[in-house]
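The following exercises ask you to read a protein model step by step, with a worked solution after each task. Please look at the sequence and the structure before you begin.

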Amino acid sequence: MGRQRPGTPTLEEVAARAGVGRGTVSRVVNNAAGVRDSTRRAVQRAIAELGYVPNLAARSLAGHRADAVALVMTEPDWRLFGEPFFTEIVHAVGDALTDTPLQLLLTLVRTDTERRRFVEYARGGRVDGVLLMSVHAEDPLPDMLAEAGLPTVMLGRRSGEECVTYVDADNAGGARGAVTYLLDAGRRRIGAISGPLDMYVAQCRLRGYREALEPAGVAAGASLVVEGSDFTEESGHRAMTELLARHPDLDAVFAASDTLAAGALNALRAAGRRVPQDVAVIGFDDFHPARPTDPPLTTVRQPLEEIGRTMVRLLLEEMEDAPVAWRHVILRTELVVRDSA
């Protein structure tokens with residue numbers, strides 16, 4: 001489920017170092033009355049020596065909660081907030097918080113300055129926990145939040161060695177199943193439209209595509225893969241146009257998201273290709289698009305509602321009592337067959 005948190009001092013360790021009880025440390029952290037000056041100095045010295053950062057668990061003992069959770073998106077383009085995937089996650093998280101007293105705050109963090117500003121904002125007690133989505137490989141924000149002692153849960157992960165609690169779908173397995181379905185249907189010239197490969201989710205879906213082709217003895221050359229600049233329809237349209245130019249004999253394509261697949265369908269229609277007769281198309285996500293695709297899209301369903309609920313559950317647990325290990329949850333996907341494949 002995860003690895004031990006490296007070097008994160010706890011309230012109990014501060015109490016042991018100072019020779020006092022946990023409640024005394026909490027009162028010192030929260031500037032409460034009723035603590036002798038000598039005891040207060042001992043606790044403050046232990047906090048300094050251990051590098052302890054007061055977290056929500058400590059604040060909650062004194063009733064100092066913000067009753068707010070931040071949902072942070074780290075994409076540089078604010079327009080992506082309007083993409084169906086993000087709106088579905090926002091709805092799922094909001095629904096999961098309905099029966100709690102917590103408010104949901106949405107924010108966009110794109111630059112180093114905004115990262116520092118948000119961490120200071122969160123450390124100032126304005127939020128009780130942070131949910132992160134769309135985090136790219138080199139983004140330091142999850143580590144900054146962890147070092148600040150802020151309960152944090154990510155949607156997805158930055159790499160296979162992630163050291164922050166996350167919830168993810170089985171991206172590689174879902175892609176592998178989708179491409180295996182195309183192979184079983186007799187397709188042999190199968191292209192792929194990946195998402196931006198500085199995101200681990202895109203790497204995993206591309207890996208699943210390749211893992212399905214290799215044992216079948218079907219070509220998986222680099223020219224059959226086009227990397228999307230993002231997960232938008234426009235990116236899918238450009239990538240599909242490029243694939244057709246490279247391989248006019250293409251008979252199937254796996255797209256790493258439904259929006260990429262919708263763009264691919266538009267490009268195929270513009271090129272006079274019939275779907276699925278000439279080219280079969282499979283996407284990934286299975287959310288409700290802004291408009292229906294023509295034909296209806298075969299896709300890999302990831303359980304977005306369950307992802308949102310699980311993220312909230314893990315965050316609430318970390319807010320109450322920070323666990324000693326990072327928790328990593330990977331949820332099953334399902335192939336939903338419709339008319340495009």
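**Exercise 1. Find the residues with the most contacts inside the largest nonpolar core, and the elements that build this core.**

Solution. The largest nonpolar core (a set of buried Ala, Val, Leu, Ile, Met, Phe, Trp, Tyr and Cys residues joined through side-chain atoms within 4.5 Å) has 44 residues, and those with the most contacts inside it are Val-179, Ile-190, Ile-193, Tyr-209, Met-240, Phe-254 and Val-281. Here buried means under 20% relative accessible area, exposed means over 50%, and partly exposed lies in between, with a 1.4 Å probe and protein chains only.

Next, look at the elements, where helices (H or I, at least four residues) and strands (E, at least two) are DSSP runs numbered from the N terminus. Those that give two or more residues to this core are the helices H8 (171-184), H9 (200-216), H10 (233-246) and H11 (258-270), together with the strands E6 (190-194), E7 (225-227), E8 (252-255) and E9 (280-285). Apart from this core lies another, of 27 residues, among them Phe-85, Phe-86, Phe-287 and Leu-331.

Then take one residue by itself: if neighbours within four places in sequence are left aside, Ile-190 is in contact (heavy atoms within 4.5 Å) with Val-179, Leu-182, Leu-183, Tyr-209, Leu-213, Leu-224, Leu-250, Asp-251 and Ala-252. As a general background, nonpolar side chains tend to be buried together in soluble globular proteins.

Before going on, note that this is a predicted model, in which local features need pLDDT of at least 70 and side-chain atom pairs count only at pLDDT 80 or more, while totals for chains, interfaces and linings use all residues. Residues are numbered from 1 along each chain as its sequence is written, and side-chain values use heavy atoms, with hydrogens and water left out.

**Exercise 2. Describe the chain as a whole.**

Solution. Begin with the elements: the chain has twelve helices and twelve strands. Along its principal axes, the C-alpha trace spans about 80 × 35 × 35 Å. Of the 341 residues of the chain, 52% count as buried. Finally, among contacts between residues at least 6 apart in sequence, 74% join residues at least 24 apart.

**Exercise 3. Describe the cavities and what lines them.**

Solution. On a 1 Å grid over the protein atoms alone, a cavity is a set of points where a 1.4 Å probe fits but cannot get out, and lining residues have an atom within 4 Å of a point. Grid points are joined across faces, edges and corners, and a volume is the space filled by probe spheres set on the points. By this rule there are two cavities of 30 Å³ or more.

The largest cavity holds about 430 Å³ of space, and of the 28 residues that line it, Phe-85, Phe-86, Met-199, Val-201 and Phe-231 lie nearest its centre. Helix H9 gives the largest share of this lining, three residues. Sorted by class (Ala, Val, Leu, Ile, Met, Phe, Trp, Tyr, Cys and Pro nonpolar; Asp, Glu, Lys and Arg charged; the others, Gly among them, polar), the lining divides into 14 nonpolar, six polar and eight charged residues.

The second largest cavity holds about 40 Å³, and its lining includes Ile-193, Arg-205 and Phe-254. Strand E6 and helix H9 each give two or more residues to this lining.

**Exercise 4. Decide how many disulfides there are, and how exposed the cysteines are.**

Solution. A disulfide is a pair of cysteine sulfur atoms within 2.5 Å, and the count comes to zero. Cys-163 is in no disulfide, and the nearest cysteine sulfur, that of Cys-204, is 16 Å away. Cys-163 counts as partly exposed because its relative accessibility is 34%, whereas Cys-204 counts as buried because its value is 2%.

**Exercise 5. Locate the unusual backbone angles.**

Solution. Most residues other than glycine have a negative phi, and most peptide bonds are trans. The peptide bond from Val-275 to Pro-276 is cis, with omega near 5 degrees, and Pro-276 lies in the loop between H11 and E9. The bond from Asp-294 to Pro-295 is also cis, with omega near 0 degrees.

For phi, Asp-67 has a positive value near 55 degrees, and this residue is partly exposed because its relative accessible area is 32%. Asp-285, in strand E9, has a positive phi of about 140 degrees and counts as buried at 4% relative accessibility.

How values were computed:
On a 1 Å grid over the protein atoms alone, a cavity is a set of points where a 1.4 Å probe fits but cannot get out, and a pocket is an open set with protein on both sides within 12 Å along at least five of seven lines; lining residues have an atom within 4 Å of a point.
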